[in-house]
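Student: Could we go through this structure together, with the reason behind each label spelled out as we meet it?

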Amino acid sequence: MFFKPKSFCVPPFQIGSLLMLMLMALFLTGSASGAEPHARPNLILILADDLGYGDVSFHGSTEVNTPHLDRLASDGMLMTGMRANCTVCSPSRAAILTGIYADRAGVPGVIRTAPTDSWGFLKPGLPTLADRLKQVDYHTAIIGKWHLGLATPNTPLERGFDHFHGFLGDMMDDYYTHLRHGNNYMRHGEQVIEPEGHATELFTQWACDYLEQRVAKHDQPFFMYLAYNAPHFPIQPPQEWLQRAKQRHGDLSDKRVANIALVEHLDDQIGRLLQQVDALGLRDNTCIAFTSDNGGSLPHAQNNDPWRDGKQSHYDGGLRVPFVVRYPKMIAPGSRSDVVGLTFDLFPTFLQLAGADIPGDCDAVSLLNVLQGKTSTSSDRTMYFVRREGNQRYVGHAYHALIHGNWKLMQNDPFSPLELYHLEKDPYEQDNVIAEFPKITRELKQRLAEQIQVGGRVPWQPEHPLPERLSDR
């Protein structure tokens, strides 16, 4: 219907202002096609589990083909100097979701299904990334692995997420039954579910479903945290993917071939997700970050080349992770950065993109200027790592590492002497020089002690007693 001039007349001097208002309204609400519904970007964080630095082809692997992740990297920025916040699962996830070091979030170690072997408790009342994004009108969702609590008050819907479709536990004993120690931790919201299929494919489908729902709602930007269980052990790829890998790599061990297949299957499913993003018209206004919670597990034939060691270790094989960010409105395709950072730097980065304030207690550093190609983060930054663990090797104690500038002070269990490495001269950590630099060592020890003191103020166990006593054996 067209308005007649006599029923709606705009004075000539107001026409320009009216047109400007109409254009602004279109920009903010989006066109009828839904291709660009929001001025602020949608945010997607894809987190792999135990993916080794050397197990993606964009880092030069000749064994593993990851074409979809390669495309994500070529369309955005590949950051080669990023480390996980911890060498195991729960602490890294707690740090990413809170923007503070893991022990300050109450999670210095792995949260497990057995209370007597659980070494973290997400700090009650501590706002998560989801909480803070909800404050600026984002819809928030987690698809996949949670691993930050099995019961109230630390389930996803109680910690800032509007939508949860995934797995509460630490790992699955089988990718098809989805059970852990015989228990079912699969949930849709608060409802226990028994879905059929490979977990990687289920999580992808649920993520695609969520995206479709948000486009249909068309009323607010969203944050989707897609946390895969793959390629965490058990190394259990679908049979057709295993057969393909065997045909190409008959000279490799069965264990290695199975891991290759599991990673390639994960890449395929991420490709499905990226296709859905494009099909729904979300590509240009969506920032997608991809990384891993820690390095790959060497006993399970995962590869962290060129770095030393793997998961559970404070050598860089346990900490260096693949890290890619794509946001077409901001990041030039084919960008690359060797800026040193930590995975929880996504916390302030996402907040800035969303127009939210960065909290004053944030330990993380925004990557926004790096992504824009403007400036780098400080090369003099101090980065702190902690892991608490039980069993006979660790006995409930913590072990730590600290990087300041080019120096790295570290240990890999609580009872071994500290080691010192100069990362510029010795990037592969072969030459422990702690005896040669006593002054540097004293300074780094003091910095480390200060970090441990801050973390020590936060309880990492629930206030109520454990339901069972530790064995005396």
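Tutor: Thr-382, Tyr-384, Val-386 and Arg-388 point one way from strand β15, while Met-383, Phe-385 and Arg-387 point the other way, and all are buried. This is a predicted model, in which local features need pLDDT of at least 70, side-chain atom pairs count only at pLDDT 80 or more, and totals for chains, interfaces and linings use all residues. Residues are numbered from 1 along each chain as its sequence is written, and side-chain values use heavy atoms, with hydrogens and water left out.

Student: What makes β15 largely enclosed by the rest of the structure?

Tutor: Buried means under 20% relative accessible area, with exposed over 50% and partly exposed in between (1.4 Å probe, protein chains only). Because 7 of the 7 residues of β15 (residues 382–388) are buried, the strand is largely enclosed by the rest of the structure.

Student: Why are β15 and β16 said to pair?

Tutor: Two strands pair if DSSP finds at least two bridges between them, strands being DSSP runs (E, at least two residues), numbered from the N terminus. Since β15 and β16 (residues 398–404) have 7 bridges, they pair, in the antiparallel sense; Val-386, for instance, has His-400 as its bridge partner in β16.

Student: Which strands form the open sheet, and in what order?

Tutor: The order is β15-β16-β17-β18, with antiparallel pairing. The edge strands are β15 and β18 (419–422), as each pairs on one side only. Strand β17 (residues 407–410) and β18 pair over 4 bridges.
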